[in-house]
Amino acid sequence: MNSKTIKRLLTYCRPYRVILGLIFILSFISVCLTLITPILFGHEGQAIDLLIGIGLVDFSRLFWQLLVIVGVVLAGALVQWILGQLTNKITYNITNDLRDRVFEKIHLLPLKYIDSTPHGDIIGRVINDIDLIAAGLLQSFTSLFTGVATIVGTIIIMC
């Protein structure tokens with residue numbers, strides 16, 4: 001795709017800016033929860049340090065630390081699920097808007113063009129193209145936001 005096509009496609013995203021913002025925030029939260037989990041296992045005073053040696057295991061603190069880890073993992077799973085729902089919703093809405101716009105354009109086509117084109121060819125192209133756009137949007141929203149948040153979060157944790 002060229003930049004002109006991407007800009008035109010982004011105009012269909014404009015009415016859903018709030019949902020896109022929420023997707024970005026949830027992606028960041030999801031990445032943070034994912035990156036915190038290994039820290040809870042291995043950072044100073046965390047779960048691994050509670051397993052000092054034979055007879056020196058602090059089971060009560062270890063139990064609470066493991067509960068925190070399970071809570072973080074479950075919260076991450078919940079955020080991922082909500083993220084998937086929002087991504088599906090926005091993809092559905094954008095492709096629905098695209099379909100409506102394309103069918104409006106089809107109604108404006110001259111009858112000569114419609115008669116000269118094989119039956120079903122126009123609709124087949126529309127359906128296939130919009131399905132490809134939908135698949136790309138579904139994958140790109142999650143990957144783009146999560147990827148950026150992962151890079152930023154990893155750099156912050158490493159520093």
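**Where helix α1 meets helix α3**

In this predicted model, the residues L9, Y12 and C13 of helix α1 come into contact with I94, D97, L98 and R101 of helix α3. Sorted by character, the residues of this contact comprise five nonpolar and two charged ones, with no polar residue among them.

The two helices that meet here can be followed along the sequence, since α1 covers residues 3-13 and α3 covers residues 59-108. Where they pack, their axes lie 9 Å apart and form an angle of about 110°. Because angles of 65 to 115 degrees count as roughly perpendicular, α1 and α3 are therefore described as roughly perpendicular to each other. The crossing in which α1 passes α3 is right-handed.

From this pair of helices one can step back to the chain that holds them. The chain contains five helices and zero strands, and, read from the N terminus on, its elements follow the order α-α-α-α-α. Contacts can also be considered by how far apart the partners stand in the sequence: among the contacts in the chain with a separation of 6 or more, 72% are accounted for by residues 24 or more positions apart.

The last part of the picture concerns burial and surface. Of the 159 residues in the chain, 28% are buried, while the area that the chain exposes comes to about 11,000 Å². Carbon and sulfur atoms supply 70% of that exposed area.

Conventions
Residues numbered from 1 in each chain as written. Predicted model: local features only at pLDDT ≥ 70, side-chain atom pairs only at ≥ 80, totals over all residues. Heavy atoms only, no water. Axes fitted to C-alpha atoms, helices over the stretch in contact; angles between N-to-C directions. Helix = DSSP H or I, 4+ residues; strand = E, 2+ residues; numbered from the N terminus. Parallel < 35°, antiparallel > 145°, perpendicular 65-115°, else oblique. Left-handed = near helix turned anticlockwise from the far one by under 90°. Contact = heavy atoms within 4.5 Å. Nonpolar A, V, L, I, M, F, W, Y, C, P; charged D, E, K, R; others polar. Buried < 20%, exposed > 50% of the residue type's maximum accessible area, 1.4 Å probe, protein only. Areas by Shrake-Rupley, 256 points an atom, 1.4 Å probe, with all protein chains shown as cover.
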